Amino acid sequence: MISKHVEKMAPSGIREFFDLVLGMPDVISLGVGEPDFITPWRIREKAITALEEGVTSYTSNQGLFLLRDSIADHLKTQYRLNYKPDKEILITVGVSEGLDLSLRAILEPKDKVIVVAPYYVAYPALVELNHGKVLLLETKQEDNFKIDPKKLSQLLKQNPKAIILNYPSNPSGATYTAPELKKIWNLLAKKELIVISDETYDLLTYGQKHICFPSLAKSAKEKTILLNGFSKGHAMTGFRVGFACGSSEIIQAMTKIHSYSVMCGPVISQVAATEALLAKKEVKTMKTEYMRRRDFLVEELGRLGFSVSLPQGAFYCFASLEKFKFNSLDFAKKLLVKEKVAVVPGLAFGKNYKKYIRLSYANSLDNLKEAIVRIERFLKSL
Ligand SMILES: Cc1ncc(COP(=O)(O)O)c(C=O)c1O
């Protein structure tokens with residue numbers, strides 16, 4: 001009954017582990033990939049008012065014009081990028097839908113797509129669901145999990161149709177400076193390929209400026225599908241709003257698929273997102289808190305003997321277990337059973353990352369402090 005390519009998709013390597021987490025009370029979960037903050041009040045209030053006013057209909061397939069226009073303004077002020085709200089911006093159901101639509105719009109069966117590892121878990125799965133072939137571009141801790149241009153050049157010889165970039169990265173927290181991105185773009189520019197740039201965590205970039213990929217050059221903008229949304233920086237995961245920006249040809253193709261598959265994003269969430277773009281103070285407060293937690297967690301993990309580089313964005317630490325001679329699935333299972341702390345084994349982000357665990361600091365400082373006490377006790381018991 002099930003289509004062959006869905007059936008042969010590898011199940012998540014950590015499903016068994018998360019089944020264990022679900023059945024356990026009093027767990028401190030550093031496994032989740034979503035903000036622990038409730039959506040700022042002014043955004044919720046906007047949604048409540050819209051509901052009270054009876055805003056309950058479909059929107060245009062491309063999404064509320066007011067939201068697209070506000071996004072165009074935001075990208076212009078933040079990154080000096082000009083996208084036309086009528087033709088070059090599509091409102092999606094989270095970045096998740098934007099990713100799926102991008103791949104659906106451009107891939108022919110067996111087209112190759114470069115995925116940078118360690119990767120966000122959905123990338124390889126979505127490439128495969130869309131009948132593409134994943135070319136893995138692995139990064140190393142000694143390079144701070146950044147792309148090695150030599151390795152990229154090698155993979156480009158296989159003529160991929162697209163590359164998915166994600167910075168700041170889930171799970172490594174790596175991000176790039178303008179010169180680093182230019183080096184990458186110079187290599188990509190020589191090829192006929194589409195760049196899918198998932199910049200979901202742009203607002204959570206620490207200590208440096210986020211450089212938006214299409215802002216690198218006019219030609220970079222022409223070849224890039226920029227994906228972003230409101231889930232992370234604005235703490236709006238449950239609202240399910242994202243956006244895709246690109247050439248009108250690509251955005252029209254994506255809109256065609258979107259109009260048949262989901263029709264439009266939820267109207268209340270789109271109204272709320274217009275307010276989110278004004279909530280700069282609230283975003284800054286959350287970012288400052290994430291930085292405080294990051295500094296605490298990195299220092300404490302270092303003290304306990306983990307090898308971990310300072311994440312420059314998002315809200316994850318990707319820590320090496322090298323010193324403990326443990327494979328991360330065993331480590332995570334034992335830590336969960338003995339001390340009720342959940343972390344994600346590195347295997348989830350690529351088969352060569354078994355020595356790593358991902359810890360999310362989208363959790364209160366008190367919980368992080370308690371988690372460190374428990375991890376320390378666990379290490380002493382080994
Ligand atoms: C890198 C990355 N891209 C996309 C998503 C999906 O986000 P959304 O809630 O906007 O669908 C996530 C969520 O964890 C993510 O980490």
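**Loops, helices and a ligand shell**

Trainee: Let's start with Asn144: is this residue buried, exposed or partly exposed?

Mentor: Happy to, keeping in mind that this is a predicted model. Asn144 has 16 other C-beta atoms within 10 Å. A residue needs 20 or more to count as buried and 12 or fewer to count as exposed, so Asn144 is partly exposed.

Trainee: And where does Asn144 sit?

Mentor: Although Asn144 is not a glycine, its phi is positive, about 55°. As for its place, Asn144 is in the loop between β4 (133-138) and α7 (149-156).

Trainee: Which residue with a positive phi follows α10?

Mentor: Helix α10 covers residues 248-261. In the loop between α10 and α11 (267-276) lies a residue that is exposed, with 11 other C-beta atoms within 10 Å. It is not a glycine, yet its phi is about 75°. The residue that follows α10 with this positive phi is Met263.

Trainee: Within what arc do the buried residues of α10 fall?

Mentor: The buried residues of α10 are Ile250, Ile251, Met254, Thr255 and His258. An α-helix has 3.6 residues a turn, so residues three or four places apart point the same way. Seen down the axis of α10, its buried residues line one face of the helix, because they fall within an arc of 130°.

Trainee: Which exposed residues are carried by the face of α10 turned away from its buried side?

Mentor: The buried side is covered by elements including β2 (89-92), α5 (94-106), β7 (224-229) and β8 (242-245). On the face turned away from that side, the exposed residues are Glu249 and Tyr260.

Trainee: Which element gives the largest share of the shell around the ligand?

Mentor: The residues that come nearest, of the 13 around the ligand, are Gly94, Val95, Ser96, Asn170 and Ser231. By type, the shell divides into 2 nonpolar, 10 polar and 1 charged. Its largest share is 3 residues, and they come from α5.

Trainee: Asn170 also leads into a cis peptide bond; what is its omega?

Mentor: The bond runs from Asn170 to Pro171, and Pro171 is in the loop between β5 and α8. That loop also holds Pro168, where the peptide bond from Tyr167 is cis with omega near -15°. For the bond from Asn170 to Pro171, omega is near 20°.

Trainee: Last one: how far does α12 reach from its first C-alpha to its last?

Mentor: Helix α12 (residues 280-304) has 25 residues. At 1.5 Å a residue, 36 Å is expected, and the reach is close to that. From first C-alpha to last, α12 reaches 36 Å.

Methods: Residues numbered from 1 in each chain as written. Predicted model: local features only at pLDDT ≥ 70, side-chain atom pairs only at ≥ 80, totals over all residues. Helix = DSSP H or I, 4+ residues; strand = E, 2+ residues; numbered from the N terminus. Expected span 1.5 Å × (residues − 1). Arc of directions from axis to C-beta. Contact = placed C-beta atoms within 7 Å. Near = placed C-beta within 6 Å. Nonpolar A, V, L, I, M, F, W, Y, C, P; charged D, E, K, R; others polar.
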